[in-house]
Amino acid sequence: MATVSFAGTTRYYAGNPVPAVDGLDLEVADGEFLVLVGPSGCGKSTTLRMLAGLEGVDGGTIHIGERDVTDLPPKERDIAMVFQNYALYPHMTVGENIGFHLKIAKMAKSERESRVREAAALLGLTDYLDRKPAKLSGGQRQRVAMGRAIVRSPQVFCMDEPLSNLDAKLRVQTRTQIASLQRRLGVTTIYVTHDQVEAMTMGDRVAVLKDGLLQQCDTPIGLFGKPANLFVAGFIGSPAMNLIVGTVSGESAEVDGSAIPLTPAQRAALTSEAVVVGVRPEGWEIKAPGDGIPATVEVVEELGSDQYLYCSTSTSRVSVDGGAPEPIAVRAPGMSPWQRGEKLGLVPVPGAVHLFDAATGARLPD
Amino acid sequence: MTSTVDERLGGPVRKPPRKPKPAPTARGFSPLRALGMAVVWLFTALNVLVLYWLVMAAFKSPIEIFTKPFALPSYWIERGQAFRNLAYAWNNAGFGRAFVITVVLVAVSSVAIVLLAAPAAYALTRLGVRGANGLTNFVAIGMGIPFQTVVIPLFIGMAELDLTNNLFGLFLIYVALSLPFTVFLLTGFFRSLPDELEEAAAIDGASPARTFFTIMLPLARGGLITALILNAIGLWNETLLSIVFLNENANFTLARALFAFNSAASYQSEYGGLVAGVAIVVLPMLVLYVLLARRIITGLTLGAGK
C-alpha cells in the first residue's frame, strides 16, 4: 500500500516537439482508485506506462510512497499491471501465468501454489488453473490477467483499459467486480480508460487529460457538477453538456433572447464579452413555444426510462472536439409524446447553468 | 411468427445442404482462377511424377529404366531381390558411413545455426539496440552474396588454418554461410510477437535473458523449427562445398559420396543402383518435411491477446 505522486512529470516521444505528457502534477492517496480518462492521444496510457517503468521519464519525478522510482526498472517498483489485451503467456497454463512472478521471486513451491489458488478462488478461476489461455473466454482471460496482478499483493495496480476487449454486458459486470475487489484489497490503483462512464462509475477520483495536460482531477460528482473548463464540461456526461455561446450585456448573459444573470465576480473574471453557457440535457425545463429559447425537435431517442430530444435552435454552439456542433440535447421523461418537428421553448433550470469564459475556456466563479 | 424450440424439435427433420453454398464472391468462372488452378495442379503433378519415377526406378534394372520408364518394376522383384539396387548403392557408395556423418553434421550445424541466430535476431528486433535496423540490413546483405563466389578465397583461408578436408572446418563454413538467412528469417518472426508479453514479463520481474528463454523462445518455437528444417534440408543437399572441401572417402557426406558414386556407377552402367543412391539421399528429407510441415505452419501466439 502506498501513495503515488507525479511531480512535473514530462514525456517526449522521438520526433515530436510536443510532449505526450506535459508537467503532470498528481497526488494519489493510499488505497485510492484513480481513473485517468481522456480522448485517444491525450497521454493517459503514457502516464500509466511511466509509472510502470515501461516508458522513460524526460522531466520531473514519480514517487511510490517515499521511494523515488523515476529511474527504477519495472521489477523494482513493486507494481502489477493489467494490459488491454491481457498479455497472458500463451504457452503457460492459467496457474503458471498467475504464479510467474512468484516463481521468479523464488518463492517456495508450496507457498506459491497456495497463493495462486487463493487468487484463483477470489476470481472464480479454480476450475481453469490447468488450462491454457487459448481455451478461455474473453472474460476468463481478463480475470486471469487480474489474478496475475492480485497474487503479487503489490503496492500499486496499473490497469490499462482492461475492459475494452469485453462485450458491453460483461464490461458492466466486470466493472463492478473490479471496483469492489479493489476496495476490498485496498491497493492503490491507477486505471486508464477512454470511456467516461467507466471513469465515473469506478473511480474515487477521476483525472481528465487532454493533449498531455491535466485538465481537472476531482471526484466524479465534482467533475460532473463543477467542470473546470469547457473541455471537461463537454467530455464528462452523456449525452454531452450543451455549450451555447452568449454575449454579455449589462448584468447578464444573453442567449437567443433569454437572459442569464451574472454575479459581479463572474463579470470580473470574464476576459471578453463572450461567455459560454453550459446546460446538461437534464438541466432544461421544457416550456411552450415563445417561452425561453425557441427550438424544434429533430430526433427523438426513446430509452424507456428517459427520452432524449435533439433540437435545432438558432443559437451558436461550441464543439469541444472540433467537429460540427451537435443539436441541443434535452432530457424528457420516458415515453413522453414528443414528435419530430414539434416546436418548444427551452429554459435552463436555475442552478443547472455552468458558465465559462469563451476566450480561455475556464469556468467562471460561482 | 417465430417457432419455439418444441415446434422445431417436433416438426419435420430439416436437412442441411450437403455442401454449404459458397459466398457470392467465390462463385462463377474467373479466368485468372482457372489459370492459377491449372498451374498449381500441373506443378504438383510434375513433382509427383518425378518422385514416382525416382522411387520406381530405384527398384528397376537399367533396361527397364530406359524402356519402360513409368511401368512398375518387375525384373528384380521376379528374381526375389527387390532391394538389390538399394543394397548395391549402400554397399558400393560408402553410404553407411556417409549417412552417419551427414546426419551428425547436418543436425549439429542446424542446431548451432539456430542457437546463434535466435539470440542475435532477438537482440536485433526486441532489445532496442542502437543501430539495430542498420545491423539487420547488414546481416541481410550476406544473403545477397552467392557462396559460390567466395569458395576460392574461403578454401585458401581454411587451408591456412589447416581446416580443409576436415568435417569441423565444413561445420564452421556451413554455420557461417547459413547465419545471414536464418537471422533474417527469425528477425521477421520475433518482430511479429506482441510487445505486451515482454512488458508483462518485465513487470513480473523477469530479466531480459529469462524473458528470452521462458517467454519469447517458446512462442517463437514455430519460427525456430522452420529455421531448423530449412537449414537441415539445405545442408543435407549441399554438394559444392563438400566437393571442394572434402577429399577423403572417410569424411564424405551423402551428397559428396553420391557425387563420387555417380561417376563409378555410370561407368558400370549401374543405373538402377545410381537411382537407388539418389533415393537414399533424397527421401529422408522428404519424410522429415512431411512429418513436420504442420509444425512449420502452425503459429503458437494463439490466445496471447484478445
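This is a short chat about one residue of chain B and the two domains of chain A in a predicted model.

Reader: Hi! Where does T136(B) lie?
Author: Hello! T136(B) is part of helix 7 of chain B, which covers residues 132-141.

Reader: Is T136(B) buried or exposed?
Author: Buried: T136(B) has a relative accessible area of 6%. The cut-off for buried is under 20%, so T136(B) falls in that class.

Reader: And which residues does T136(B) touch?
Author: Leaving out residues up to four places away in sequence, T136(B) touches L124(B), T187(B) and R191(B).

Reader: What does the side chain of T136(B) reach?
Author: The side chain reaches the backbone oxygen of A132(B), at 2.7 Å.

Reader: Cool, let's switch to chain A. How is chain A divided?
Author: Chain A has domain 1 (4-230) and domain 2 (237-357). Their centres, taken over C-alpha atoms, are separated by 37 Å.

Reader: How many residues are in contact there?
Author: Seven residues of domain 1 of chain A are in contact with 11 residues of domain 2 of chain A. The area buried between the two domains is about 750 Å², and carbon and sulfur atoms give 65% of that.

Reader: Which three residues of domain 1 supply more of that area than any other three?
Author: Those are Q196(A), F224(A) and L230(A), with 73% of the area that domain 1 of chain A buries against domain 2 of chain A.

Reader: How many salt bridges are there across that interface?
Author: Zero, by the rule used. There are two residue pairs in polar contact between the domains, though.

Reader: Which helix gives the most to the domain 1 side?
Author: Helix 7 (residues 220-225) of chain A, with three residues. By class, that side has four nonpolar, three polar and no charged residues.

Technical notes. Residues are numbered from 1 along each chain as its sequence is written. Chains are lettered from A and ligands numbered from 1 in the order in which they are written. This is a predicted model: local features need pLDDT of at least 70, side-chain atom pairs count only at pLDDT 80 or more; totals for chains, interfaces and linings use all residues. Side-chain values use heavy atoms; hydrogens and water are left out. Helices (H or I, at least four residues) and strands (E, at least two) are DSSP runs, numbered from the N terminus. Buried means under 20% relative accessible area, exposed over 50%, partly exposed in between (1.4 Å probe, protein chains only). A polar contact is a pair of N or O atoms within 3.5 Å; within protein, one must be able to donate a hydrogen and the other to accept it, and residues adjacent in sequence count only if both atoms are side-chain atoms. Contact means heavy atoms within 4.5 Å. Domain bounds come from an automatic or database domain assignment. Buried area is the accessible area (1.4 Å probe) that two parts lose on being put together, summed over both. A salt bridge is a side-chain nitrogen of Lys or Arg within 4 Å of a carboxyl oxygen of Asp or Glu. Ala, Val, Leu, Ile, Met, Phe, Trp, Tyr, Cys and Pro count as nonpolar, Asp, Glu, Lys and Arg as charged, and the others, Gly among them, as polar.
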